[in-house]
Amino acid sequence: MRPHVFVNVAASLDGKISDESRRQLRISCEEDLEIVDRLRAESDAIMVGIGTVIADDPRLTVKSATLREKRVKEGREPNPLRVVVDSRCRVPLNSRILNGEVRTLIAVSKLAPEDRISEVKKFAEVAVIGEDRVDLSALLDHLYEKGVRRLMVEGGGTLISSLISDNLVDEMRIYYGSLFIGGKNSPTICDGNSFFRRCRIEKIERVGEGFAVTVRF
């Protein structure tokens, strides 16, 4: 058994999620950010790849106090579990994902250095899952055993690509902002090796200055 996997990502009209420097860019409008916060609040866990942590230093928390209070009234913690896919345990020790304010799980492979794992364990739970890279299917099984039924994935492109190619995504929402980024080396919604996977477009809606596409696999 595995959780329902829902991917949410913001991209430019040409499908880029950042520029060639991989720095954090503001793509979402305020309306989309409010939707993303609600989707986070509805999730049991939020997962990103280590590239996203290094580039953006996200907190991955629910920003709305009202939504956090609603979660508490439902018998849940104020924020979902944070999960980082980090095969070689490269997560910076000063990153906000390790600030201790929210339960956090760092998934690593057997190639991760033991001394590095010991350091990270001071700030978060570490799970060794996979040989030379994190076994995503096994990780989802592990999360299900921990009570995660709805998993929200927020990037980056390499993690999203791996999940889709391994047939581990149920639903995906892409917000397209009203801008172009360009650059042949700029990261895209779905980076990594090419593959072919059909999906079904469920909904297209205008959101603020852009539009959102929801698909199912």
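**Second largest pocket, Ser12 and the nonpolar cores**

The lining of the second largest pocket consists of three nonpolar, one polar and six charged residues, where Asp, Glu, Lys and Arg count as charged, Ala, Val, Leu, Ile, Met, Phe, Trp, Tyr, Cys and Pro as nonpolar, and the others as polar. The model is predicted, with local features needing pLDDT of at least 70 and side-chain atom pairs counting only at pLDDT 80 or more, whereas totals for chains, interfaces and linings use all residues. Residues are numbered from 1 along each chain as its sequence is written, and side-chain values use heavy atoms, without hydrogens and water.

Among the residues lining this pocket (an open set of points on a 1 Å grid where a 1.4 Å probe fits, with protein on both sides within 12 Å along at least five of seven lines; lining residues have an atom within 4 Å of a point) are Phe6, Arg150 and Thr214. Helix 1 gives the most to the lining, with three residues.

Ser12, in the loop between strand 1 (4-11) and helix 1 (helices being DSSP runs of H or I with at least four residues, strands of E with at least two), counts as buried because its relative accessibility is 0%, the limit being under 20% with a 1.4 Å probe and protein chains only. Beyond its neighbours within four places in sequence, Ser12 is in contact (heavy atoms within 4.5 Å) with residues including Ile27, Tyr176 and Phe180.

The largest nonpolar core (buried nonpolar residues of the kinds Ala, Val, Leu, Ile, Met, Phe, Trp, Tyr and Cys, joined through side-chain atoms within 4.5 Å) has 33 residues, and Leu143 is among those with the most contacts inside it.

Conventions. Buried < 20%, exposed > 50% of the residue type's maximum accessible area, 1.4 Å probe, protein only.
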